[in-house]
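Please work through the exercises below with the sequence and the model open beside you, and try each task before reading its solution.

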Amino acid sequence: MLAAPPGVKLGATIVAAGEFSAPYARLTEMRRMPPTFAGADIAAHFLKHADEHTIAVIEAVRLALQHGQLDASQTRDWAMLSGPRYIGRLAAKQLVTRFDRQGGSSITTHAASQYSLNSPAAAVSIVLGSHGPNVGVGGGPWGLADGCLTALSLFDVQAVPGAWLLFSQWDPEPIADERGQPTHDCTCHAVALALRPGSATDGPSLSATFDAPGAPRPLIRSGQSPFDLLGREPMVWDLATCVRNWNSGLPTSWSCPLPGAGQLDLNLPIEAGSARLVA
Amino acid sequence: MEAVCITGIGATTPLGHSYEAIADALIAGRSATRLLVEEQAGQQVKSITSLVDEVPLAPGYDAAAWSARPKLERMALWSVGAALRDAQLYDRRQQLRIGLVVGQASEWYRHWRHDHASGGNRVCQPELDGQTLASIIQSELQIFGPSSSVGAACASANYAFALARRWVELGIVDVCIAGSSEIACPITRANFANLRALSRRFDAPERAARPFDLERDGFVMGEGAAMFVLERTSSARRRGVRNYAQIAGFGASSDASHMIIPCEDPQPAAAAMRAALADAQVEPSDLGYVNAHATGTPVGDRAEARALGMVLGPHKMRTPVSSTKSMTGHLVSAAAAVEAIACIAALDRQLIPPTINLDQPDPDCDILHVPGRAIAHKVDVALSNSFGFGGSNTSLVLRKAC
């Protein structure tokens, strides 16, 4: 095999970031009153059938635009990548219960379109009127690393001017009753990172550094998961804390292993004269 | 960048369980669609499907343990193992950095549904959701490297190809496996049936999938898996293994229009095709075959034909277009993976697989059809379109191996 040069690195500049957390009840209210923001157009019923992940992510995008002083129209041709962790869990309980009791005729026509991995990305592309690619990524354990790696790789696959990287996760994971309502308190966390290709040396960035081809690597034994070889899994609320700090004027950084490949680094410094410092 | 090619294919579909078997069936114009009558809440319900009746037993597995696994896993494990064997890498797999990109539209829902149907309640037991399909494949086949699950509904597998190609180009893996596995579960079929997106030609199920036909009335949901080993062309040459085709280009766009309804504006789909052609550095005149997304829905087929007309321009009536969904049914997130096999068959055999059941082409789908029977045609470059819910459009360009 051809050996790669050691230390291959992919990077992107973070031009804006937003985070949003809300309990189920708040998301239900937002479903009835979608947010409005400059340059975007959301019909009043647009979120009627949306998963809670999608509702939270749209608000995170709105806040990222606000913090980054960007207009939605500036991200028209951007790619959208969404990594909703276990999207559709609440609805799935209702779907399987209904199907058992009433058969296929009781199944909503919105399940496939609203509870898929790319559903939040697709919804944001519609809201922002963006014609760049829209794709879902990850969606389960270690999905955060999965999403970051895919976003960074995608810049090389498609010549897009930017990408929205969107993550969401419940804490704790909801357990639904038969109507698809959570049986306990749970909060959905969402993060939106606005990325441009290529990382500035000392600026806000997301990067992946890959192991050299000859680097030692573990053998996966029979019955062992690749996740067993890693440490604590990074969660969306870890990333949300970084974004919250950064938007409050505090420099922050974050790293995590890139399963089977190397390491991810998020660096959010506060530059001199930055609006964040003034704020 | 050095070219990246396909050196191994593993698949299990309603048309067969190997590249050769599937290619033979597609070229022969064989239909895999049939009537299914099942009981739902005490009532007999009819649907037309194309299902994998029996997933072959993967070498090294006990038959009872194998059949106890969810079908989605069995299809994926069979296909990845077969692809590695086909690429002559199976015995060396633990020495290599092997990437894995799996196209998955709604992976967790599939797991929860399967578990529920088996009497479980995993949807309410989040602590049990510890393994992704990708991690199960890595664990079972003991392969190590980066992995990703990508989902863009029916366009998922084309994203898997694009990402895998990039990882090989970058050298962060020695080889990368890309593909998808999909099951036609009853709830998903009910979702599409309630949307009136599925054909209801119950009296002639083998003739139900009829893309581009004037009397098309929806698609037939299918299932299956196809996985591919991607590696650098120089590596394939050095190893002396079969080079099926080069992954030459990829393009993607969004309609930004509606979560479900296909966009009537052909511009976004055309943009994806143009981006793929530009990425592959080929002109529309170089295309010898287009495998259309065309599922058999009235709106979608018409919109794609218009987009093809825009992209192909004066070459429109010289470039054969077919929809192999007429034979396989629509494999949703695995559709693009199985349709890559159709493109490889066209490149390999210089024969265009037909659109069967195309008795009366819709005048609004004014393109060069290949109705009923395969035709001989020079094909050096093929384009495969796959468009998904949420307005996710993708196109993949495959080039003949040299």
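The exercises that follow concern a predicted model, and each task is followed by a solution in steps.

**Exercise 1. The contact between the chains**

Task: Determine how many residues chain B and chain A each bring to their contact, and which three residues of chain B supply the most buried area.

Solution: Begin with the residue counts, which show that 80 residues of chain B and 80 residues of chain A take part in the contact. Next consider the area, for the two chains bury about 6,300 Å² between them, and 63% of this lies on carbon and sulfur atoms. Then turn to single residues of chain B: Arg97(B), Phe144(B) and Met259(B) supply 11% of the area that chain B buries against chain A, more than any other three residues.

**Exercise 2. Polar and charged links across the contact**

Task: Find how many salt bridges join chain B and chain A, and state where the residues Arg89(A) and Asp129(B) lie.

Solution: The search between chain B and chain A gives one salt bridge, beside 27 residue pairs in polar contact, counted where both residues have pLDDT of 80 or more. On the side of chain B that touches chain A, the residues divide into 36 nonpolar, 32 polar and 12 charged. The salt bridge is formed by the side chains of Arg89(A) and Asp129(B), with an N to O distance of 2.8 Å, which falls within the 4 Å that a salt bridge requires. Over all chains, the whole structure holds 34 salt bridges. Because Arg89(A) belongs to helix H3 (residues 89-102) of chain A, while Asp129(B) belongs to the loop between H4 and H5 of chain B, this pair joins two chains. Both Arg89(A) and Asp129(B) are buried.

**Exercise 3. A strand pairing between the chains**

Task: Establish in which sense strand E3 of chain A and strand E5 of chain B pair, and over how many bridges.

Solution: Locate strand E3 at residues 134-137 of chain A and strand E5 at residues 147-151 of chain B; the two pair in the antiparallel sense, over two bridges. Then look for residues that face each other, and Gly136(A) is found opposite Gly151(B) in E5(B).

**Exercise 4. Enclosed elements of chain B**

Task: Decide how many residues of helix H5 and of strand E1 of chain B are buried, and what surrounds or pairs with these elements.

Solution: Take helix H5 (residues 133-141) of chain B, which is mostly covered, since eight of its nine residues are buried; among them are Leu133(B), Ile136(B), Ile137(B) and Leu141(B). The buried residues of H5(B) pack against helix H3 (71-86), strand E4 (98-103), helix H4 (107-117), E5 and strand E6 (175-182) of chain B. Just after H5(B) comes Gln142(B), whose phi is positive, near 50°.

Now take strand E1 (residues 4-12) of chain B: nine of its nine residues are buried, so E1(B) is largely enclosed by the rest of the structure. Eight bridges join E1(B) to the antiparallel strand E8 (residues 224-232) of chain B, and two bridges join E1(B) to strand E9 (residues 245-254) of chain B, which also runs antiparallel to it. Cys5(B) takes part in both pairings, with Glu231(B) as its bridge partner in E8(B) and Gln246(B) opposite it in E9(B).

**Exercise 5. Salt bridges within chain B**

Task: Work out how far apart in sequence the partners are in the pairs Glu169(B) with Arg165(B) and Lys316(B) with Asp366(B).

Solution: In the pair of Glu169(B) and Arg165(B), the closest N and O atoms are 3.9 Å apart, a distance within the 4 Å limit for a salt bridge. Because these residues are four apart in helix H6 (residues 156-170) of chain B, about one helical turn separates them, and both Glu169(B) and Arg165(B) are buried.

In the second pair, the side chains of Lys316(B) and Asp366(B) meet at 3.4 Å, N to O. Since Lys316(B) lies in the loop between helix H10 (298-312) and strand E11 (320-322), and Asp366(B) in the loop between strand E12 (351-352) and strand E13 (368-369) of chain B, the pair ties together parts that are 50 residues apart in sequence. Asp366(B) has a relative accessible area of 43%, and is therefore partly exposed.

Note on methods. Residues are numbered from 1 along each chain as its sequence is written. Chains are lettered from A and ligands numbered from 1 in the order in which they are written. This is a predicted model: local features need pLDDT of at least 70, side-chain atom pairs count only at pLDDT 80 or more; totals for chains, interfaces and linings use all residues. Side-chain values use heavy atoms; hydrogens and water are left out. Contact means heavy atoms within 4.5 Å. Buried area is the accessible area (1.4 Å probe) that two parts lose on being put together, summed over both. A polar contact is a pair of N or O atoms within 3.5 Å; within protein, one must be able to donate a hydrogen and the other to accept it, and residues adjacent in sequence count only if both atoms are side-chain atoms. Ala, Val, Leu, Ile, Met, Phe, Trp, Tyr, Cys and Pro count as nonpolar, Asp, Glu, Lys and Arg as charged, and the others, Gly among them, as polar. Two strands pair if DSSP finds at least two bridges between them. Buried means under 20% relative accessible area, exposed over 50%, partly exposed in between (1.4 Å probe, protein chains only).
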